[in-house]
Amino acid sequence: MRAARSGERGSVLIVVAFAISLLLGFSAFAIDLGYARQRKVQAQNSADFAALAGAGVLRSGTPTAAEAEAREYVARNGFSATGADVHIPPTSGKRAGAAGCVQVRPSEQFGTIFGRLFSTETLGVSARATACASPGLGGPYAVFAGSTTCTPAVSFSGSGRTINGGVHSNNDMKIVSNGTVVNGDVTYLAGDAPAGNITFNPPVDNPKKLTAPLAYPEVFDVDNYAPGGSKALKALSQLKYHYAGAVEINETWLTLNLLLNPLTKTIAPGLYYTTGNIHLNGNGYNGQGVTFVSRSGDIHINGNNITFSPWDPDGLLVASYKNQPSCSAGQAVIKLDGNTHSWTGVMFAPNGPIDFSGTNIVSSLNGRLVGNVVQLSGSNQTITRSLAYEGRSDGFELVE
């Protein structure tokens, strides 16, 4: 019996010794893992700073200079400059292929101290960051067409039109009108200079042909206006968020939701959002402090004596993000027609045409028209670039 008990004590000692060794091994390995976590954080910081530095240079410099700046910042933050991947434009993520963006991916392999006990001789860390040069909101343009393929991207017809602000086309420009006055710089990329019965102020070097397309002067993000977005939450906190789902926003929908006074045609202020269409057809609509946004539908407003001003503090009045590949204004995603309107704010359609027509308009638009294609028709229109919505100056920002 004494021999048996002695043998049991010996077995227990072996088990305890093994458990202690295993515990010490795991504890030691945790040191390697802790160091890896620390280097992971440092790698992300290195990526963030390097991407921002590269985007800062890219605003006015070359991609080569931006890459060199990014690699220098990788090295400043303790990682190998040559071992980092720098892509201009980015090759992955939500800004893949986007011009004006810099993506940086530092990485590192290091030997373990205690991981070798578990046959893990090296550990690796990596991170990724993307920063983009951001254009200022607004810019000098009252009319801006971003299409590089539609011909013409900007077209004017009619008579008696005054534009107070610049006009730009990323392709050609067709102006067939009588008595058009443009008080601002006119720039274009293709075709002949617009000519005819047009007065350009300033008259020197105006209009001007550019050699490279310009980025959209507006960067309104549709997700900010969708449920859960920053603008949506702001409107919701004011009890002014009006969400229609996929339902068309029209006079019937507004009336049923107690958002339109049918006698005065006054529309309740706030942010209106739908994935469907927004169609208003009638006279006398009055919306002070309203912003209409459609993710994938058309916005057509037709009638006389209509007065709208924006809820959005950045000046967005109407926006359609519908992807409409047609270059024809007959397929316009934003179509405005009628007489004696007073519009204030920005009209934004980055993926489709805008058709702005009508006659005898007292104050046609105090804001900006920014679309893939922009067509103006009618007479006695005045479009003025609003100074009330200057937005932000150009800069650069970390996007992921």
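Helices (H or I, at least four residues) and strands (E, at least two) are DSSP runs, numbered from the N terminus. This is a predicted model, in which local features need pLDDT of at least 70, side-chain atom pairs count only at pLDDT 80 or more, and totals for chains, interfaces and linings use all residues. Residues are numbered from 1 along each chain as its sequence is written, and side-chain values use heavy atoms, with hydrogens and water left out.

**Exercise 1. Take stock of the chain.**

State how many helices and strands the protein chain has, and what share of its residues is buried.

Solution.
- Step 1. The protein chain has five helices and 28 strands.
- Step 2. Fix the burial classes: buried means under 20% relative accessible area, exposed over 50%, partly exposed in between (1.4 Å probe, protein chains only). Of the 400 residues in the protein chain, 46% are buried.
- Step 3. Turn to the surface. Accessible areas come from the Shrake-Rupley method with a 1.4 Å probe; for residues, only the protein chains shown count as cover. The protein chain exposes about 18200 Å². Carbon and sulfur atoms supply 55% of that area.
- Step 4. Turn to contacts (heavy atoms within 4.5 Å). Among contacts in the protein chain with a separation of 6 or more, 49% are between residues 24 or more positions apart.

**Exercise 2. Find the disulfides and describe each one.**

Which cysteines form a disulfide, and what is the handedness of each link?

Solution.
- Step 1. Apply the cut-off: a disulfide is a pair of cysteine sulfur atoms within 2.5 Å. Searching the whole structure gives two disulfides.
- Step 2. Cys 101 pairs with Cys 132, the sulfur atoms being 2.0 Å apart. The torsion about their S-S bond is about 105 degrees, so this disulfide is right-handed. Cys 101 sits in strand E2 (residues 101-105) and Cys 132 in strand E5 (residues 129-134), so the pair ties together parts that are 31 residues apart in sequence.
- Step 3. Check burial. Cys 101 is buried at a relative accessible area of 2%. Cys 132 is buried at 3%.
- Step 4. Cys 150 pairs with Cys 327, again with sulfur atoms 2.0 Å apart. The value about the S-S bond is -75 degrees, and the link is left-handed. This pair links distant parts of the chain, 177 residues apart. Cys 150 is in the loop between strand E6 (141-145) and strand E7 (154-159). Cys 327 is in the loop between strand E23 (316-320) and strand E24 (334-337).
- Step 5. Check burial again. Cys 150 is buried, with a relative accessible area of 2%. Cys 327 is partly exposed, at 33%.
- Step 6. Count bonded cysteines along the chain: the pattern is 1-2, 3-4.

**Exercise 3. Place strand E25 among its partners and in the core.**

Which strands pair with E25, and how many residues does E25 give to the largest nonpolar core?

Solution.
- Step 1. Strand E25 spans residues 342-356 and is mostly covered, with 13 of its 15 residues buried.
- Step 2. Two strands pair if DSSP finds at least two bridges between them. Strand E22 (residues 307-309) runs parallel to E25, joined by two bridges. Here Phe 308 stands opposite Trp 343 of E25.
- Step 3. E23 pairs with E25 in the parallel sense through three bridges. Ala 319 is opposite Phe 348 in E25.
- Step 4. E24 is also parallel to E25, with three bridges. Leu 336 has Phe 356 of E25 as its bridge partner.
- Step 5. Define the core: a nonpolar core is a set of buried Ala, Val, Leu, Ile, Met, Phe, Trp, Tyr and Cys residues joined through side-chain atoms within 4.5 Å. The largest one has 47 residues, and Ile 267, Phe 308, Trp 343 and Leu 369 have the most contacts inside it. E25 gives the most to this core, with five residues.
- Step 6. Look outward from Phe 308. Leaving aside neighbours within four places in sequence, Phe 308 has contacts including Ile 267, Leu 280, Val 290, Phe 292 and Trp 343. A second, separate core of 21 residues includes Ala 36, Ala 47, Val 104 and Ala 129.

**Exercise 4. Describe the surroundings of Asp 312.**

Is Asp 312 buried or exposed, and which side chains join Asp 312 in polar contacts?

Solution.
- Step 1. Asp 312 lies in the loop between E22 and E23. Its relative accessibility is 2%, and Asp 312 counts as buried.
- Step 2. A polar contact is a pair of N or O atoms within 3.5 Å; within protein, one must be able to donate a hydrogen and the other to accept it, and residues adjacent in sequence count only if both atoms are side-chain atoms. The side chains of Asp 312 and Tyr 225 make one of 2.7 Å. The side chains of Asp 312 and Lys 231 make one of 2.8 Å.
- Step 3. Not counting residues up to four places away in sequence, Asp 312 touches Phe 220, Tyr 225, Lys 231 and Thr 291.
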